[in-house]
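Morning, everyone. One structure today, and I'll keep it brief. Have a look at it first.

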Amino acid sequence: MVGGDTIATSFVQFWQNNVVPNMSSIVLGTVVLVLVILVWIIKDTSRRGANTLVWAVFTVVGLGLVPLIIYFLVRDPLTIDDHMTDKLNTDVLRLERSYYAFIMDERDKKCPVCGHETKSTYRYCPACGMELRTVCPECGELLETNWKTCPHCGHRIEQREMKGDLA
Ligand SMILES: [Zn+2]
Ligand SMILES: [Zn+2]
C-alpha cells in the first residue's frame, strides 16, 4: 500500500527530474497553490465547524481550485464565532427579561400599613405583623389577597377562605 504523500512526492520527483524546467515550475506552482488553498480551507473549516479532515483530503485530491469553489458553495455562512454571538445575544436577552421580571416582581412591595419593605415570599410584614398574603387551603402556597384561583394547584378560593385560616 503506497500512501498519498509518497505518490505525490514521486510524482513531483518524476516531473522535476524528467520534464523541462519550466514544466516543473508549473507543477511547483500547482503544489504551492494547493498548499495555500489547503491551509486556508483547514482554517476556515475549523472556524465554521465543518469537517476539516474531509475537506483537506478533498482539496489535495481535487488539486485545490475545484474543491475550493465547491466549498464556497456549501460552507456554513456563519462561523462558530457568529453562532456563539447569536447564542450569547439570546442568552443576554433572556437574562435581561428575567431580571426585569424580577425587578417588577420585587418593587412596590411595601407594607400597606407601615411602609416597611417586604418580599413576594413574605406572608406577614416583618415590621408590624400585618398579614400581606393568605395561604391556599388546598396546597398551602402563598396567595395574593385578590387572587380568585390558586396558581399553584388551581384551587378556587372561596371568599370565606380568604382569611387564610386553615382548618
Ligand atoms: Zn408593616
Ligand atoms: Zn393551592
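**The metal site**

Let's start with the zinc ion, ligand 1. Four sulfur donors coordinate the zinc ion: Cys111 (SG), Cys114 (SG), Cys125 (SG) and Cys128 (SG). The distances run from 2.2 to 2.3 Å. Keep in mind that this is a predicted model.

What is the arrangement of the 4 donor atoms around the zinc ion? Tetrahedral, because the angles they subtend are 105 to 116°. The cut-off here asks for all angles between 85 and 135 degrees.

Now the spacing. Along the chain, the donors of the zinc ion read C-x2-C-x10-C-x2-C. Take Cys114 and Cys128. Cys114 sits in the loop between helix H5 (80-106) and strand S1 (133-135), and Cys128 is also in the loop between H5 and S1, so this pair ties together parts that are 14 residues apart in sequence.

Are these two buried or exposed? Cys114 has 40% relative accessibility, so it counts as partly exposed. Cys128 comes out at 37%, so Cys128 is partly exposed too. Partly exposed here is the band between 20% and 50%.

**The rest of the chain**

Zooming out. The protein has 5 helices and 2 strands. The order along the sequence is α-α-α-α-α-β-β.

How much of the protein is buried? The figure is 20% of its 167 residues. The accessible surface is about 12300 Å². Carbon and sulfur atoms account for 62% of that surface.

Last, contacts. Take those between residues at least 6 apart in sequence: 25% of them join residues at least 24 apart.

That's it from me. Over to you.

How values were computed:
Residues numbered from 1 in each chain as written. Chains lettered and ligands numbered in written order. Predicted model: local features only at pLDDT ≥ 70, side-chain atom pairs only at ≥ 80, totals over all residues. Heavy atoms only, no water. Helix = DSSP H or I, 4+ residues; strand = E, 2+ residues; numbered from the N terminus. Buried < 20%, exposed > 50% of the residue type's maximum accessible area, 1.4 Å probe, protein only. Contact = heavy atoms within 4.5 Å. Areas by Shrake-Rupley, 256 points an atom, 1.4 Å probe, with all protein chains shown as cover. Donors = N, O, S within 2.8 Å, 3.2 Å for Na, K, Ca; no water. Tetrahedral: all angles 85-135°; square planar, octahedral: opposite > 155°, others 65-115°.
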